[in-house]
Amino acid sequence: MIRAGIVGATGYTGMELVRILLEHPGVRLTYVTSRTWSGRPLANALPGLTGWSDLLCREFDATEAAGEVDIIFLCLPHGEAMDTVFQLHSLNVRQVDLSADFRIADPKIFGEWYGPHRHPQLLTEAVSGYPELYREDITGAVLVANPGCYPTTAVYGLLPLAEVDLLDPRSIVVDSKSGVSGAGKEPRGHLHFPEVEGNFSAYAIAGTHRHVCEMDQELSKISGKSVQVTFTPHLAPLSRGILSTIYARTVSPLNDDGIFELYRKRYEKEPFIRVRSPDQPLPTLKDVRGTNLCIVAPRVDRRSGITVIVSCIDNLVKGASGQAVQNMNIMSGLPETMGLESLPLTP
Ligand SMILES: NC(=O)c1ccc[n+]([C@@H]2O[C@H](COP(=O)([O-])OP(=O)(O)OC[C@H]3O[C@@H](n4cnc5c(N)ncnc54)[C@H](OP(=O)(O)O)[C@@H]3O)[C@@H](O)[C@H]2O)c1
(Lines give C-alpha, C1' and ligand atoms only; values in the text may rest on other atoms or scores of the structure.)
Protein backbone atom coordinates (compact mmCIF):
# COMPACT_ATOMS: atom_id res chain seq x y z
CA MET A 1 0.00 0.00 0.00
CA ILE A 2 1.26 3.48 -0.89
CA ARG A 3 0.85 5.95 1.99
CA ALA A 4 -0.46 9.22 0.58
CA GLY A 5 -0.96 12.71 2.01
CA ILE A 6 -2.78 15.85 0.90
CA VAL A 7 -1.81 19.41 1.81
CA GLY A 8 -4.90 21.62 1.49
CA ALA A 9 -7.34 18.69 1.70
CA THR A 10 -10.50 20.76 2.23
CA GLY A 11 -10.26 22.88 -0.95
CA TYR A 12 -11.93 21.72 -4.18
CA THR A 13 -9.00 19.75 -5.64
CA GLY A 14 -8.11 18.42 -2.18
CA MET A 15 -11.69 17.18 -1.65
CA GLU A 16 -11.63 15.46 -5.02
CA LEU A 17 -8.33 13.76 -4.15
CA VAL A 18 -9.82 12.54 -0.87
CA ARG A 19 -12.75 11.06 -2.80
CA ILE A 20 -10.47 9.28 -5.31
CA LEU A 21 -7.81 8.13 -2.82
CA LEU A 22 -10.25 6.70 -0.25
CA GLU A 23 -11.53 4.35 -2.97
CA HIS A 24 -8.08 3.61 -4.47
CA PRO A 25 -7.16 -0.06 -3.87
CA GLY A 26 -3.40 0.62 -3.82
CA VAL A 27 -3.38 3.61 -1.48
CA ARG A 28 -3.89 4.41 2.19
CA LEU A 29 -4.60 8.07 2.89
CA THR A 30 -2.58 8.79 6.04
CA TYR A 31 -2.05 12.55 6.25
CA VAL A 32 -4.33 15.51 5.46
CA THR A 33 -3.84 19.17 6.30
CA SER A 34 -6.02 22.24 6.61
CA ARG A 35 -5.25 25.43 8.51
CA THR A 36 -8.96 26.07 9.08
CA TRP A 37 -9.86 22.56 10.27
CA SER A 38 -6.63 21.60 12.00
CA GLY A 39 -7.24 19.29 14.99
CA ARG A 40 -10.76 18.42 13.83
CA PRO A 41 -12.05 15.44 11.82
CA LEU A 42 -11.85 15.77 8.05
CA ALA A 43 -15.49 14.62 8.03
CA ASN A 44 -16.43 17.82 9.89
CA ALA A 45 -15.06 19.86 7.01
CA LEU A 46 -16.48 17.50 4.37
CA PRO A 47 -19.65 16.03 5.94
CA GLY A 48 -20.17 13.68 2.99
CA LEU A 49 -17.22 11.68 4.36
CA THR A 50 -19.03 10.77 7.58
CA GLY A 51 -18.74 7.02 7.94
CA TRP A 52 -16.04 6.82 5.25
CA SER A 53 -13.05 8.39 7.00
CA ASP A 54 -11.98 9.12 10.56
CA LEU A 55 -8.85 11.06 9.56
CA LEU A 56 -8.00 14.20 11.53
CA CYS A 57 -6.89 17.39 9.77
CA ARG A 58 -3.46 18.64 10.80
CA GLU A 59 -1.52 21.85 10.55
CA PHE A 60 1.18 21.24 7.91
CA ASP A 61 4.53 20.11 9.30
CA ALA A 62 7.13 18.95 6.77
CA THR A 63 9.02 16.56 9.09
CA GLU A 64 5.80 14.96 10.33
CA ALA A 65 4.56 14.58 6.73
CA ALA A 66 7.87 13.06 5.59
CA GLY A 67 7.56 10.36 8.26
CA GLU A 68 3.98 9.43 7.37
CA VAL A 69 3.73 9.41 3.59
CA ASP A 70 5.39 7.87 0.54
CA ILE A 71 3.93 10.54 -1.71
CA ILE A 72 2.16 13.82 -1.11
CA PHE A 73 -0.23 15.98 -3.16
CA LEU A 74 -0.12 19.75 -2.81
CA CYS A 75 -3.47 21.47 -3.34
CA LEU A 76 -2.49 25.02 -2.42
CA PRO A 77 -3.01 28.30 -4.28
CA HIS A 78 -0.24 29.22 -6.73
CA GLY A 79 2.54 31.18 -5.06
CA GLU A 80 1.74 29.38 -1.77
CA ALA A 81 2.87 25.90 -2.85
CA MET A 82 6.50 26.64 -3.74
CA ASP A 83 7.87 26.97 -0.19
CA THR A 84 6.07 23.79 0.90
CA VAL A 85 7.43 21.95 -2.13
CA PHE A 86 10.93 23.19 -1.27
CA GLN A 87 10.67 21.97 2.34
CA LEU A 88 9.37 18.54 1.35
CA HIS A 89 11.91 18.23 -1.46
CA SER A 90 14.77 18.73 0.98
CA LEU A 91 13.33 15.81 2.98
CA ASN A 92 13.24 13.62 -0.18
CA VAL A 93 9.45 13.33 -0.27
CA ARG A 94 7.95 12.53 -3.67
CA GLN A 95 5.37 15.14 -4.62
CA VAL A 96 2.66 15.96 -7.11
CA ASP A 97 2.02 19.71 -7.06
CA LEU A 98 -1.40 20.74 -8.40
CA SER A 99 -0.57 24.46 -8.39
CA ALA A 100 1.09 26.33 -11.23
CA ASP A 101 4.30 26.90 -9.24
CA PHE A 102 6.45 24.36 -11.09
CA ARG A 103 4.67 24.12 -14.46
CA ILE A 104 6.69 26.74 -16.31
CA ALA A 105 10.26 25.59 -16.89
CA ASP A 106 11.83 28.98 -17.72
CA PRO A 107 12.14 31.17 -14.58
CA LYS A 108 12.01 34.33 -16.70
CA ILE A 109 8.68 33.34 -18.30
CA PHE A 110 7.39 32.18 -14.91
CA GLY A 111 8.29 35.60 -13.48
CA GLU A 112 6.47 37.46 -16.26
CA TRP A 113 3.20 35.67 -15.48
CA TYR A 114 3.36 34.80 -11.78
CA GLY A 115 6.07 37.03 -10.26
CA PRO A 116 9.55 36.00 -9.08
CA HIS A 117 10.06 32.32 -8.23
CA ARG A 118 11.52 31.77 -4.75
CA HIS A 119 13.06 28.38 -5.62
CA PRO A 120 13.97 28.59 -9.32
CA GLN A 121 16.57 25.82 -8.97
CA LEU A 122 13.68 23.37 -8.51
CA LEU A 123 12.05 24.32 -11.83
CA THR A 124 14.51 22.09 -13.69
CA GLU A 125 13.82 19.18 -11.29
CA ALA A 126 10.09 19.31 -11.86
CA VAL A 127 8.71 16.92 -14.47
CA SER A 128 5.72 18.06 -16.51
CA GLY A 129 2.75 15.93 -15.49
CA TYR A 130 1.05 15.23 -18.82
CA PRO A 131 1.09 11.40 -18.54
CA GLU A 132 0.17 10.88 -22.20
CA LEU A 133 3.35 12.79 -23.15
CA TYR A 134 5.94 12.28 -20.43
CA ARG A 135 5.18 8.86 -18.94
CA GLU A 136 8.83 7.76 -18.84
CA ASP A 137 10.05 10.92 -17.09
CA ILE A 138 7.19 10.74 -14.60
CA THR A 139 8.15 7.17 -13.61
CA GLY A 140 11.35 8.30 -11.89
CA ALA A 141 10.26 11.81 -10.90
CA VAL A 142 10.49 13.17 -7.37
CA LEU A 143 8.46 16.28 -8.21
CA VAL A 144 5.66 16.30 -10.77
CA ALA A 145 4.05 19.57 -11.84
CA ASN A 146 0.46 18.56 -12.49
CA PRO A 147 -0.98 20.32 -15.56
CA GLY A 148 -3.43 23.21 -15.52
CA CYS A 149 -7.08 22.49 -16.25
CA TYR A 150 -7.53 24.65 -19.37
CA PRO A 151 -4.14 23.61 -20.81
CA THR A 152 -5.15 19.95 -20.38
CA THR A 153 -8.01 20.43 -22.86
CA ALA A 154 -5.78 22.40 -25.25
CA VAL A 155 -2.79 20.04 -25.16
CA TYR A 156 -4.77 16.81 -25.63
CA GLY A 157 -6.99 18.58 -28.16
CA LEU A 158 -4.03 19.53 -30.34
CA LEU A 159 -1.33 16.95 -29.56
CA PRO A 160 -1.81 14.66 -32.60
CA LEU A 161 -1.60 17.63 -35.00
CA ALA A 162 1.36 19.24 -33.16
CA GLU A 163 3.37 16.02 -33.06
CA VAL A 164 3.33 15.54 -36.82
CA ASP A 165 4.06 19.23 -37.43
CA LEU A 166 0.73 19.95 -39.12
CA LEU A 167 -0.20 23.01 -37.04
CA ASP A 168 0.20 26.57 -38.22
CA PRO A 169 1.68 27.80 -34.90
CA ARG A 170 0.12 31.30 -35.00
CA SER A 171 -3.38 30.22 -35.98
CA ILE A 172 -4.52 28.48 -32.79
CA VAL A 173 -7.58 29.74 -30.92
CA VAL A 174 -8.69 28.00 -27.73
CA ASP A 175 -12.18 29.03 -26.66
CA SER A 176 -12.99 27.46 -23.29
CA LYS A 177 -16.05 27.34 -21.04
CA SER A 178 -15.54 26.38 -17.41
CA GLY A 179 -17.66 25.59 -14.38
CA VAL A 180 -17.20 27.68 -11.23
CA SER A 181 -15.19 25.12 -9.19
CA GLY A 182 -12.24 25.98 -11.47
CA ALA A 183 -11.84 29.16 -9.42
CA GLY A 184 -11.39 27.31 -6.09
CA LYS A 185 -13.39 27.32 -2.89
CA GLU A 186 -12.62 30.78 -1.57
CA PRO A 187 -15.78 32.93 -1.88
CA ARG A 188 -15.58 35.96 -4.17
CA GLY A 189 -18.40 38.29 -5.22
CA HIS A 190 -18.47 37.46 -8.92
CA LEU A 191 -18.64 33.73 -8.10
CA HIS A 192 -21.76 33.94 -5.90
CA PHE A 193 -24.87 32.04 -7.02
CA PRO A 194 -26.93 35.11 -8.07
CA GLU A 195 -24.03 36.35 -10.21
CA VAL A 196 -23.31 33.03 -11.90
CA GLU A 197 -26.77 31.45 -12.21
CA GLY A 198 -28.40 32.22 -15.57
CA ASN A 199 -25.27 34.08 -16.61
CA PHE A 200 -22.33 33.46 -18.95
CA SER A 201 -19.23 35.62 -19.25
CA ALA A 202 -15.81 35.85 -20.86
CA TYR A 203 -12.86 36.91 -18.71
CA ALA A 204 -9.07 37.41 -18.99
CA ILE A 205 -9.29 37.71 -22.79
CA ALA A 206 -6.61 38.72 -25.33
CA GLY A 207 -3.59 36.94 -23.89
CA THR A 208 -4.07 37.92 -20.25
CA HIS A 209 -4.96 34.55 -18.66
CA ARG A 210 -1.92 32.86 -17.08
CA HIS A 211 -2.74 29.44 -18.50
CA VAL A 212 -1.84 30.66 -21.98
CA CYS A 213 1.89 30.49 -21.17
CA GLU A 214 1.55 26.80 -20.26
CA MET A 215 -0.31 26.13 -23.53
CA ASP A 216 2.44 27.92 -25.48
CA GLN A 217 5.19 26.06 -23.61
CA GLU A 218 3.74 22.58 -24.07
CA LEU A 219 2.62 22.99 -27.68
CA SER A 220 5.98 24.56 -28.63
CA LYS A 221 7.81 21.61 -27.03
CA ILE A 222 5.65 19.08 -28.86
CA SER A 223 5.79 20.73 -32.28
CA GLY A 224 9.36 22.06 -32.08
CA LYS A 225 8.04 25.48 -33.20
CA SER A 226 7.28 28.66 -31.32
CA VAL A 227 3.52 28.40 -30.74
CA GLN A 228 1.40 31.33 -29.54
CA VAL A 229 -2.15 30.50 -28.60
CA THR A 230 -5.06 32.95 -28.52
CA PHE A 231 -7.06 31.89 -25.47
CA THR A 232 -10.49 33.02 -24.30
CA PRO A 233 -11.89 31.51 -21.09
CA HIS A 234 -15.57 31.78 -20.14
CA LEU A 235 -17.37 31.21 -16.85
CA ALA A 236 -20.49 29.04 -17.22
CA PRO A 237 -23.24 28.45 -14.62
CA LEU A 238 -22.04 24.92 -13.79
CA SER A 239 -20.20 23.51 -10.80
CA ARG A 240 -17.68 21.44 -12.77
CA GLY A 241 -16.41 20.74 -16.28
CA ILE A 242 -14.45 22.45 -19.05
CA LEU A 243 -15.42 22.29 -22.70
CA SER A 244 -12.94 23.88 -25.10
CA THR A 245 -13.65 24.53 -28.75
CA ILE A 246 -10.30 24.80 -30.52
CA TYR A 247 -9.71 26.32 -33.95
CA ALA A 248 -6.47 26.01 -35.93
CA ARG A 249 -5.17 26.08 -39.47
CA THR A 250 -3.13 23.14 -40.68
CA VAL A 251 -0.18 23.48 -43.06
CA SER A 252 -1.66 20.88 -45.42
CA PRO A 253 -5.33 20.15 -46.02
CA LEU A 254 -7.20 17.51 -44.00
CA ASN A 255 -10.74 16.18 -44.05
CA ASP A 256 -12.93 14.71 -41.29
CA ASP A 257 -11.86 11.12 -41.96
CA GLY A 258 -8.15 12.00 -42.21
CA ILE A 259 -8.06 13.94 -38.97
CA PHE A 260 -10.11 11.31 -37.13
CA GLU A 261 -7.67 8.60 -38.25
CA LEU A 262 -4.68 10.69 -37.06
CA TYR A 263 -6.27 11.16 -33.61
CA ARG A 264 -7.50 7.56 -33.39
CA LYS A 265 -4.02 6.18 -34.02
CA ARG A 266 -2.30 8.58 -31.59
CA TYR A 267 -4.69 7.82 -28.76
CA GLU A 268 -5.62 4.16 -29.39
CA LYS A 269 -3.53 2.92 -26.43
CA GLU A 270 -4.42 5.78 -24.09
CA PRO A 271 -6.97 4.68 -21.48
CA PHE A 272 -8.13 8.20 -20.63
CA ILE A 273 -8.28 9.94 -24.01
CA ARG A 274 -11.30 9.09 -26.15
CA VAL A 275 -11.76 10.22 -29.73
CA ARG A 276 -15.23 10.72 -31.18
CA SER A 277 -15.53 9.85 -34.88
CA PRO A 278 -17.43 12.03 -37.39
CA ASP A 279 -20.50 9.77 -37.10
CA GLN A 280 -20.61 9.86 -33.28
CA PRO A 281 -22.25 12.59 -31.18
CA LEU A 282 -20.03 15.46 -30.06
CA PRO A 283 -18.85 15.11 -26.44
CA THR A 284 -20.67 16.98 -23.67
CA LEU A 285 -19.67 17.78 -20.11
CA LYS A 286 -21.98 15.09 -18.75
CA ASP A 287 -19.92 12.51 -20.69
CA VAL A 288 -16.88 13.31 -18.54
CA ARG A 289 -18.40 14.36 -15.21
CA GLY A 290 -16.64 12.49 -12.37
CA THR A 291 -14.29 10.70 -14.79
CA ASN A 292 -10.59 10.99 -15.61
CA LEU A 293 -11.42 11.18 -19.32
CA CYS A 294 -10.56 13.81 -21.88
CA ILE A 295 -12.87 13.33 -24.87
CA VAL A 296 -11.85 14.95 -28.13
CA ALA A 297 -13.79 15.31 -31.39
CA PRO A 298 -11.65 16.59 -34.29
CA ARG A 299 -13.37 17.91 -37.43
CA VAL A 300 -12.51 20.02 -40.47
CA ASP A 301 -14.71 22.88 -41.69
CA ARG A 302 -15.21 21.98 -45.37
CA ARG A 303 -15.70 25.60 -46.41
CA SER A 304 -12.77 27.32 -44.68
CA GLY A 305 -10.44 24.33 -44.20
CA ILE A 306 -10.08 25.31 -40.54
CA THR A 307 -9.76 22.46 -38.06
CA VAL A 308 -12.31 22.55 -35.22
CA ILE A 309 -11.73 20.33 -32.19
CA VAL A 310 -14.03 19.91 -29.21
CA SER A 311 -12.11 18.79 -26.10
CA CYS A 312 -13.74 18.29 -22.73
CA ILE A 313 -12.80 17.22 -19.22
CA ASP A 314 -14.00 17.33 -15.65
CA ASN A 315 -11.74 20.12 -14.34
CA LEU A 316 -11.48 18.49 -10.91
CA VAL A 317 -10.60 15.02 -12.27
CA LYS A 318 -8.58 14.95 -15.53
CA GLY A 319 -8.03 18.69 -15.05
CA ALA A 320 -6.58 18.26 -11.53
CA SER A 321 -6.93 15.44 -8.98
CA GLY A 322 -7.56 12.49 -11.33
CA GLN A 323 -4.57 13.38 -13.48
CA ALA A 324 -2.55 13.80 -10.25
CA VAL A 325 -3.50 10.25 -9.19
CA GLN A 326 -2.66 9.00 -12.70
CA ASN A 327 0.79 10.56 -12.15
CA MET A 328 1.07 8.98 -8.70
CA ASN A 329 0.20 5.56 -10.18
CA ILE A 330 2.99 5.95 -12.75
CA MET A 331 5.50 7.20 -10.14
CA SER A 332 4.64 4.30 -7.83
CA GLY A 333 4.68 1.51 -10.40
CA LEU A 334 0.94 0.87 -10.01
CA PRO A 335 -1.34 0.21 -13.00
CA GLU A 336 -1.94 3.65 -14.50
CA THR A 337 -5.72 3.35 -14.39
CA MET A 338 -5.94 2.07 -10.80
CA GLY A 339 -8.59 3.93 -8.79
CA LEU A 340 -9.57 6.02 -11.81
CA GLU A 341 -11.98 3.86 -13.75
CA SER A 342 -15.24 5.54 -12.80
CA LEU A 343 -17.98 6.04 -15.37
CA PRO A 344 -19.59 9.45 -15.93
CA LEU A 345 -22.24 10.74 -13.55
CA THR A 346 -25.10 11.24 -15.94
CA PRO A 347 -27.71 12.73 -16.40
N1 LIG B 1 -10.08 24.05 -9.04
C2 LIG B 1 -9.62 23.52 -10.15
O3 LIG B 1 -10.38 23.14 -11.06
C4 LIG B 1 -8.15 23.37 -10.36
C5 LIG B 1 -7.71 22.62 -11.46
C6 LIG B 1 -6.33 22.45 -11.66
C7 LIG B 1 -5.44 23.02 -10.78
N8 LIG B 1 -5.89 23.76 -9.74
C9 LIG B 1 -4.90 24.34 -8.84
O10 LIG B 1 -4.87 23.54 -7.66
C11 LIG B 1 -4.60 24.36 -6.52
C12 LIG B 1 -5.71 24.18 -5.50
O13 LIG B 1 -6.91 24.63 -6.13
P14 LIG B 1 -8.32 24.51 -5.42
O15 LIG B 1 -9.32 24.83 -6.46
O16 LIG B 1 -8.41 23.23 -4.67
O17 LIG B 1 -8.21 25.73 -4.38
P18 LIG B 1 -9.11 25.99 -3.08
O19 LIG B 1 -10.44 25.35 -3.25
O20 LIG B 1 -9.05 27.45 -2.86
O21 LIG B 1 -8.33 25.24 -1.95
C22 LIG B 1 -7.02 25.60 -1.51
C23 LIG B 1 -6.84 25.14 -0.09
O24 LIG B 1 -5.51 25.45 0.31
C25 LIG B 1 -5.50 25.74 1.71
N26 LIG B 1 -4.47 26.76 1.95
C27 LIG B 1 -3.29 26.55 2.58
N28 LIG B 1 -2.53 27.64 2.60
C29 LIG B 1 -3.24 28.59 1.99
C30 LIG B 1 -2.99 29.96 1.75
N31 LIG B 1 -1.84 30.54 2.13
N32 LIG B 1 -3.94 30.67 1.14
C33 LIG B 1 -5.12 30.12 0.79
N34 LIG B 1 -5.40 28.79 0.99
C35 LIG B 1 -4.47 28.05 1.59
C36 LIG B 1 -6.89 26.22 2.05
O37 LIG B 1 -7.34 25.47 3.16
P38 LIG B 1 -7.04 26.00 4.63
O39 LIG B 1 -7.19 27.50 4.59
O40 LIG B 1 -8.04 25.31 5.50
O41 LIG B 1 -5.63 25.57 4.92
C42 LIG B 1 -7.77 25.90 0.85
O43 LIG B 1 -8.88 25.09 1.15
C44 LIG B 1 -4.47 25.81 -7.04
O45 LIG B 1 -3.14 26.15 -7.20
C46 LIG B 1 -5.20 25.75 -8.38
O47 LIG B 1 -4.73 26.71 -9.29
C48 LIG B 1 -7.21 23.93 -9.48
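How much area is buried between domain 1 and domain 2, and what share of it do carbon and sulfur atoms give? In this predicted model, the buried area is about 1,300 Å², and carbon and sulfur atoms contribute 58% of that value. The two domains come from the domain assignment of the protein chain, which places domain 1 at 2-125 and domain 2 at 150-317. Their C-alpha centres are separated by 27 Å. At the level of residues, 15 from domain 1 are in contact with 16 from domain 2.

Helix H7, which spans residues 149-163, offers a route through the next part of the structure. Its packing can be followed through three partners: H9, H11 and H6.

The first partner to consider is helix H9, residues 211-223, whose axis comes within 10 Å of the axis of H7 and crosses it at roughly 20°. Because angles under 35 degrees count as roughly parallel, H7 is roughly parallel to H9. The crossing of these two helices is right-handed. On the H7 side, the contact is made by Cys149, Tyr150, Pro151, Ala154, Val155, Leu158, Leu159, Ala162 and Glu163. H9 supplies His211, Glu214, Met215, Glu218, Leu219, Ile222 and Ser223. Sorted by class, the contact of H7 with H9 comprises 11 nonpolar, two polar and three charged residues.

Helix H11 (317-332) meets H7 in another geometry. The axes of H7 and H11 come within 9 Å and cross at roughly 95°, which means that H7 is roughly perpendicular to H11. Here Cys149, Thr152 and Tyr156 of H7 meet Lys318, Gly319 and Gln323 of H11. This contact of H7 with H11 divides into two nonpolar, three polar and one charged residue. Cys149 thus appears in the contact with H9 and also in the contact with H11.

Helix H6, residues 131-139, has an axis that comes within 12 Å of that of H7, with a crossing of roughly 80°. H6 and H7 are therefore roughly perpendicular to each other. Pro131, Glu132 and Leu133 of H6 form the contact with Val155, Tyr156, Leu159 and Glu163 of H7. The contact of H6 with H7 has five nonpolar, no polar and two charged residues. Tyr156 takes part in this contact as well as in the one with H11, whereas Val155, Leu159 and Glu163 serve both here and in the contact with H9.

Two points of backbone geometry complete the account. Most residues other than glycine have a negative phi, and most peptide bonds are trans. Asp165, a residue other than glycine, has a positive phi, near 60°. Asp165 lies in the loop between H7 and strand E8 (173-178). Further along the chain, Thr346 and Pro347 are joined by a cis peptide bond with omega of about 10°. Pro347 belongs to the segment after helix H11.

Key: Residues are numbered from 1 along each chain as its sequence is written. This is a predicted model: local features need pLDDT of at least 70, side-chain atom pairs count only at pLDDT 80 or more; totals for chains, interfaces and linings use all residues. Side-chain values use heavy atoms; hydrogens and water are left out. Axes are lines fitted to C-alpha atoms, for helices over the stretch in contact, and angles run from 0 to 180 degrees between N-to-C directions. Helices (H or I, at least four residues) and strands (E, at least two) are DSSP runs, numbered from the N terminus. Angles under 35 degrees count as roughly parallel, over 145 as roughly antiparallel, 65 to 115 as roughly perpendicular and the rest as oblique. A crossing is left-handed if the near helix is turned anticlockwise from the far one by less than a right angle, and right-handed if clockwise. Contact means heavy atoms within 4.5 Å. Ala, Val, Leu, Ile, Met, Phe, Trp, Tyr, Cys and Pro count as nonpolar, Asp, Glu, Lys and Arg as charged, and the others, Gly among them, as polar. Domain bounds come from an automatic or database domain assignment. Buried area is the accessible area (1.4 Å probe) that two parts lose on being put together, summed over both.
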